[in-house]
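Below are some comments on the ligand site and on a few backbone details of this model. Please read them with the structure open.

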Amino acid sequence: MKITEEKFIKDYQDRMMAMYSMAIPEASKAQQYRVLASVVRDYYAKDWQQTRTKYEKQDRKQIYYFSIEFLPGRFLTQNMLNLGITDVVLSGLQKLGLKYNEIAGREPDPGLGNGGLGRLGSAFLDSAASEGVALNGNSIRYQYGLFKQDFVNGYQVELPDDWLRNGNAWEVRKENRACVVHFGGNVWLKEDSLGHLRAVYEHTNDVIAVPYDIGIVGYKNNVVNTMRLWSAELPFNADQRYTLAEKQQVNDITEVLYPDDSNYEGRLLRLKQEYFFVSAGIQSIVRAYRKTHRNFNEFSQKVGIHINDTHPAMAVAELMRILMDEEFLGWDRAWNITTQVMSYTNHTLLAEALETWPEDMFAKTVPRIYQIIQEIDHRFRQKMVPIHGAELVSSVAPIQDGQVRMAYLAVIGSHSVNGVAKLHTELLQSSVLNGLYQIYPEKFNNKTNGVTMRRWLLVANPRLSHLLNEAIGTDWQRHPDALRAFKVLTQDKTILQKLGDVKHKNKRELATQIQEQLGIKVNTHALFDVQIKRLHAYKRQLLHALYIIDEYLQIKDGKKLTVPRVHIFAAKAAPSYYYAKEIIKLINALADLINHDPEVNNQLKIVFIPNYGVSIAEKIIPAADVSEQISLAGKEASGTSNMKLMANGAITLATLDGANIEIKDAVGSDNIVTFGMTVDEVENFNFYQSAQIYKTNARIHRILDTLVDGTIPDITTEGRDIFNSLVQYNDQYFVLADYDSYVQAQEKISQLYQDRYDWYQMSAQNIAASGRFASDYTIQRYAEDIWHVKIEDPAE
Ligand SMILES: *Cc1c(COP(=O)(O)O)cnc(C)c1O
């Protein structure tokens with residue numbers, strides 16, 4: 001369908017009348033947004049239906065990406081871009097007297113994810129649609145997202161994120177596709193008249209899962225895939241009455257997103273959430289397959305199910321349950337199909353983040369799933385003990401020591417297991433999943449994460465995108481590897497000048513927002529030093545904060561900083577993660593001290609932007625000069641903000657962790673600044689004594705003393721706790737061990753920044769080398785190596 005400006009204007013006016021019976025100027029900005037979203041949705045409605053019928057007609061293999069989080073960010077601008085209607089809509093709105101930015105700003109960020117894990121899922125959905133891969137998301141429609149973060153006296157305060165309050169313009173409720181999910185009760189097996197063993201469920205608590213579908217629009221290729229989100233409701237059964245408490249129990253299941261980036265959670269409800277979206281998702285997959293197939297002979301050729309992190313690992317047992325209890329396949333056949341269908345991505349090396357469930361809780365909540373996992377465990381041991389010995393096998397069996405271990409279940413039940421960066425996959429094989437690697441080496445493979453350049457360049461950084469289009473054409477938008485062409489232009493003075501202008505304009509725009517929102521005036525000629533990510537001890541925001549104290553002390557000593565800096569943070573801490581919240585308070589207290597000290601003047605500023613999320617990232621990343629990726633080596637599985645920042649021309653300041661290593665390989669060691677211990681050095685550092693460093697290193701001594709001597713205002717408790725963790729409790733994340741090396745790296749950054757020509761040359765090298773980190777390529781590798789589906793040529 002060709003959308004002209006005239007058509008858009010008429011559609012917009014008509015829709016405003018149909019939805020609100022109002023003339024355009026009478027409507028609020030939020031209403032103007034909803035009308036626009038509704039019109040844009042119409043423009044892909046037909047493609048959505050046709051994508052579905054085309055897949056059905058071709059009997060294309062469907063992949064289902066099960067993830068307890070997605071983090072899509074706003075849809076409006078991305079959808080307009082992918083539909084190729086941005087110019088028409090912008091000029092149409094202008095003729096209608098409307099300002100696009102004001103309207104688009106009314107769209108809430110969907111509250112469906114925490115951080116990197118969810119963002120990766122959304123990048124994959126975007127890339128898959130754009131590459132013509134039939135990938136469908138499956139998750140939960142959380143009523144409340146991760147909390148909205150505010151600071152009061154520098155402390156994190158959590159407010160409800162009521163993101164659905166005004167409805168969600170992009171979703172379609174499909175109650176005709178609802179499923180029933182059984183919790184609790186008793187299950188026993190009974191032989192029926194045909195001799196089948198049938199599972200009989202008694203006294204279960206049934207919950208209805210109602211799907212809400214959101215269209216995922218591919219980039220200018222008429223493909224619209226589906227992200228399906230499940231909402232829990234009471235059974236429709238009219239003759240049954242429910243108490244308010246029972247109603248509440250059901251609502252609770254999809255009420256909140258756990259603010260859990262790796263650990264810290266409310267157990268039982270979380271378990272219910274996991275089974276809820278897994279069971280509903282698999283039921284709907286089997287139902288869709290059954291519409292066009294009479295038996296399960298082709299199931300594994302037509303369906304792939306991807307387990308993103310351990311939360312959906314029950315998918316293994318749920319598919320077994322349906323194949324056996326409802327479709328009457330025998331164990332061996334069902335197991336064969338299941339392991340061919342399932343694939344699993346591990347996302348963490350933190351031992352405390354590998355999910356386990358107490359057996360009794362698990363047995364009570366999902367009794368049939370528990371029985372099936374017991375049987376998986378039993379057969380696994382029976383088969384593997386004679387080959388590998390009892391010790392190794394029980395160390396990785398799904399049930400052991402009263403715990404159900406989800407990562408092991410996922411590996412055993414899948415044909416493919418991947419890590420998310422080269423280093424991470426190596427470490428999975430050598431340590432976290434070593435036992436299973438010994439048993440199933442052929443299952444393991446690496447798929448380094450990626451990011452979508454269409455969101456992080458085209459949507460977030462139109463100025464840089466425009467420059468790239470001018471310099472190298474538009475091919476990079478569909479084939480991000482084409483950014484390489486920018487490399488030969490890194491010698492071109494006019495291009496570098498323009499690149500510098502783009503960065504400076506982006507910095508001015510961010511500075512304006514900071515001034516308006518936080519009342520802090522920042523120097524846009526200062527170096528913007530950016531660390532944006534969830535707050536976690538292993539990510540070491542504290543290391544960065546100690547360096548800021550160091551800079552402050554230098555200024556107080558009467559020295560001038562080599563380059564003035566603006567340190568920009570954005571990060572949420574899990575509400576129960578006390579230590580992370582103390583670090584937030586420290587950084588805010590430092591900001592208070594430093595931003596108001598007249599001696600510091602224009603040399604140093606700290607900005608902690610509250611409520612980090614995709615939309616805020618889209619503002620900060622284009623304005624970043626330096627990208628802080630300073631986790632302790634061996635802790636960050638991959639990282640993806642490192643890739644987004646690189647693509648936007650920031651210079652990475654990094655430890656040799658996660659994908660930073662691959663970034664270094666891509667851009668060359670002259671165009672990145674690395675520091676700190678390697679994984680091997682961390683592992684072999686057996687006699688670390690942080691108190692010794694405090695004693696003997698005068699610089700560190702002086703910095704740490706400011707935490708407890710009143711230099712930094714209002715951190716009596718926090719300063720003491722942080723001091724103790726670093727000195728008394730031996731600094732678990734080796735902050736002090738890496739400190740001197742970090743200072744040297746920061747000094748190198750300052751030196752480099754003084755020569756702007758060289759700096760922008762490095763910046764351009766980073767942009768040019770970033771294409772390989774596009775999720776388009778990651779998804780191609782998943783499609784070919786794991787899911788065994790063909791990439792459709794978009795030209796067809
Ligand atoms: C990319 C992204 C992340 C992941 O950041 P890391 O630095 O890789 O941990 C988290 N949150 C948001 C909103 C993001 O866009």
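A polar contact here is a pair of N or O atoms within 3.5 Å; within protein, one must be able to donate a hydrogen and the other to accept it, and residues adjacent in sequence count only if both atoms are side-chain atoms. The model is predicted: local features need pLDDT of at least 70, side-chain atom pairs count only at pLDDT 80 or more, and totals for chains, interfaces and linings use all residues. Residues are numbered from 1 along each chain as its sequence is written, and side-chain values use heavy atoms, with hydrogens and water left out.

1. Polar contacts of the ligand. A polar backbone atom of Thr640 lies 2.7 Å from a ligand oxygen atom. Two lysines approach through their side chains: a polar atom of Lys533 is 2.6 Å from an oxygen atom of the ligand, and an N or O atom of Lys644 is 2.6 Å from an oxygen atom of the ligand. The protein buries 96% of the 390 Å² that the ligand exposes when taken alone (Shrake-Rupley method, 1.4 Å probe; for residues, only the protein chains shown count as cover).

2. Shell. The ligand is surrounded by 15 residues, each with a heavy atom within 4 Å of it. Lys533, Lys539, Thr640, Ser641 and Lys644 are the closest. By class the shell has five nonpolar, six polar and four charged residues; Ala, Val, Leu, Ile, Met, Phe, Trp, Tyr, Cys and Pro count as nonpolar, Asp, Glu, Lys and Arg as charged, and the others, Gly among them, as polar.

3. Origin of the shell. Domain 1 (59-74 + 109-449 + 780-787) and domain 2 (496-773) each give at least three shell residues; the bounds come from an automatic or database domain assignment. Helices α6 (116-131) and α24 (641-647) each supply at least two. Helices (H or I, at least four residues) and strands (E, at least two) are DSSP runs numbered from the N terminus.

4. Helix α6. Of its 16 residues, 15 are buried, meaning under 20% relative accessible area (exposed is over 50%, partly exposed in between; 1.4 Å probe, protein chains only). Gly132, just after α6, has a positive phi of about 75°.

5. Positive phi outside glycine. His203 has a phi near 50° and sits in the loop between β8 (197-202) and β9 (205-217). Phe734, with a positive phi of about 55°, is in the loop between α29 (716-727) and α30 (739-754). Which of these is buried and which exposed? His203 is exposed, at 67% relative accessible area, whereas Phe734 is buried, at 11%.
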